[in-house]
Amino acid sequence: MKSTLSYLKKLELFKELDDHKDGQFFAVADQRVKNHLPQWISFSPNIFWLKQPEEEKNLEVFGNAVEFFIKQGICRSSTIYAIGGGATTDLAGFVAATIQRGVNWVAIPTTLLGMIDASIGGKVAVNMPQGKNLVGAFHMPERVLICGDFLATLSEKEWMSGKGEVLKYGFLSREVHDLILRKVPIEEIALACAKYKAEVVERDFREKGERIFLNLGHTLGHAFEFALKIPHGHAVAMGLRYLFKVTGNEEALEELEKLAKALNLPLEKLDLSSFLNFDHKSFLDYLEQDKKKSGTSIRLVIVKGIGNCYVEEVPLKDFKAKICAHAEFKSS
Ligand SMILES: NC(=O)c1ccc[n+]([C@@H]2O[C@H](COP(=O)([O-])OP(=O)(O)OC[C@H]3O[C@@H](n4cnc5c(N)ncnc54)[C@H](O)[C@@H]3O)[C@@H](O)[C@H]2O)c1
Ligand SMILES: [Zn+2]
């Protein structure tokens, strides 16, 4: 199963979208990017607009979207376009996975995180009150269209989140690592990250093997995301930094500092001491629910060198003890 990944300039994207102007164009789209899109889309009748995608990434809105598209006459051969950040593509992809047991979908990610991560790989889902992404499916988009021009309006917070996830790829891929240090334009780095993920997913769609490496930094990252209520990629960058600290991986820590500097990612924002609201207990409790847990052990992705990682299974009890013994966790 493979998606076609294309990089388009804004005019090329407009041309692509304009081809559907007079036909039935079904889409789930984030209102925040309306101004980035051709004007006719604002008046198009078959668009399910989202105002606050992460809040709307739930079963109720999923049901509303399915009902909307059915009423609008969607059929088995239709395609749903998903235009927005990761929350939009996750919801739209899940809608596409389920309508008539699956219709085609095309992802047009509009955040950096969406371009390098959420829109690639076919994991689609909605959140439940009990946790994030608890109901979902594997449903590959037919195509992913990446257009760097969307990035111009990203907030500081969203840049930080996207760059945090870029940092992870800097350890997984030598190519991305070198592009970051050469300070090439972020669009170029984003495309390399997206291609890297797409290739890994193509080789290991169901996460039986190397796809697990994409979870580097995510065990602690998800716990930071939950305990500090910060965006995903920001939490992943902290997850990486503290993984290296807790496991005493000095070389990787130095590398992270170099990469963060080249990406203009402020290191102090990756520091626990900059948060007043860190709740130790909810952080440690969250580790217990990690999906990569098997029995009483946790599977950690460990960095040996750039592009050289392995998985280590460690007893959760020992890992938690290591975290608690670390000076920065003690004092926060
Ligand atoms: N499916 C996967 O493999 C996968 C991987 C990683 C993350 N995710 C999911 O992705 C989501 C996070 O992604 P995200 O950070 O893109 O979230 P998001 O979609 O909530 O977007 C973040 C914010 O940016 C706004 N926005 C979107 N595009 C913009 C633009 N071009 N200019 C200005 N503002 C813009 C949105 O309205 C929102 O307020 C989470 O729901 C997470 O679970 C999924
Ligand atoms: Zn991630």
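1. Is aspartate 117 buried or exposed? Aspartate 117 has 13% relative accessibility and therefore counts as buried, the cut-off being under 20%. The model discussed in this note is a predicted one, and every value in it is computed from that model.

2. Aspartate 117 is one of the residues that coordinate the zinc ion (ligand 2); the full set of donors is Asp117 (OD), Glu165 (OE), Glu165 (OE), His218 (NE2) and His232 (NE2), at 2.1 to 2.8 Å. Glu165 thus appears twice in the list of donors. Along the chain the donors follow the spacing D-x47-E-x52-H-x13-H. Because aspartate 117 sits in helix α6 (residues 112-118) and histidine 218 in helix α10, the pair ties together parts of the chain 101 residues apart in sequence. Histidine 218 has a relative accessibility of 6%, so histidine 218 counts as buried.

3. The next point concerns enclosed space. Searching the whole structure gives 1 cavity of 30 Å³ or more. The largest cavity holds about 60 Å³ of space. Its lining is made of 12 residues, and those closest to the centre are Asn215, Gly217, Thr219, Leu300 and Val301. Two elements, α10 (218-228) and β10 (297-305), give two or more residues to this lining. Sorted by class, the lining has 6 nonpolar, 4 polar and 2 charged residues.

4. Helix α5 covers residues 86-98, which makes 13 residues. From first C-alpha to last, α5 reaches 18 Å, close to the 18 Å expected at 1.5 Å a residue. Of the 13 residues of α5, 12 are buried, so the helix is largely enclosed by the rest of the structure. The buried ones include Gly86, Thr88, Asp90, Leu91, Phe94 and Val95.

5. What is the sign of phi at glutamine 100, which follows α5? Phi of glutamine 100 is positive, near 50 degrees, although glutamine 100 is not a glycine. Most residues other than glycine have a negative phi, which is the reason for pointing this one out. Glutamine 100 is in the loop between α5 and β5 (104-109). At 43% relative accessibility, glutamine 100 counts as partly exposed.

6. Asparagine 133 also calls for a check of the backbone. Its phi is near 55 degrees, a positive value in a residue other than glycine. Asparagine 133 belongs to strand β7 (residues 131-138), and with 30% relative accessibility it counts as partly exposed.

7. Asparagine 104 is a residue of strand β5. With a relative accessibility of 36%, asparagine 104 counts as partly exposed. Leaving out residues up to four places away in sequence, asparagine 104 touches Ser78, Thr79, Ile80, Ala96 and Glu142; of these, Ala96 is among the buried residues of α5. The C-alpha atom of asparagine 104 is 14 Å from that of valine 66, with their positions 38 residues apart along the chain.

8. Threonine 111 is in the loop between β5 and α6. At 16% relative accessibility, threonine 111 counts as buried. Residues up to four places away in sequence aside, threonine 111 touches Gly85, Gly86, Leu151 and Leu154. Gly86 is one of the buried residues of α5.

9. Does the length of helix α11 (residues 232-246) agree or disagree with what should be expected at 1.5 Å a residue? The 15 residues should span 21 Å and the end C-alpha atoms are 20 Å apart, which agrees. In α11, 15 of the 15 residues are buried, so α11 is largely enclosed by the rest of the structure. Just after α11, glycine 248 takes a positive phi of about 65 degrees.

10. Histidine 177 is placed in helix α8 (residues 174-181). Its relative accessibility is 5%, so histidine 177 counts as buried. Apart from neighbours within four places in sequence, histidine 177 is in contact with Gly170, Glu255, Leu259 and Ile306. Histidine 177 and cysteine 193 are 16 residues apart along the chain, and their C-alpha atoms are separated by 9.9 Å.

Technical notes: Residues numbered from 1 in each chain as written. Chains lettered and ligands numbered in written order. Predicted model: local features only at pLDDT ≥ 70, side-chain atom pairs only at ≥ 80, totals over all residues. Heavy atoms only, no water. Helix = DSSP H or I, 4+ residues; strand = E, 2+ residues; numbered from the N terminus. Buried < 20%, exposed > 50% of the residue type's maximum accessible area, 1.4 Å probe, protein only. Contact = heavy atoms within 4.5 Å. 1 Å grid on protein atoms, 1.4 Å probe; cavity = no way out; pocket = protein on both sides within 12 Å on 5 of 7 lines; lining within 4 Å. Points joined across faces, edges and corners; volume = space filled by probe spheres on them. Nonpolar A, V, L, I, M, F, W, Y, C, P; charged D, E, K, R; others polar. Expected span 1.5 Å × (residues − 1). Donors = N, O, S within 2.8 Å, 3.2 Å for Na, K, Ca; no water.
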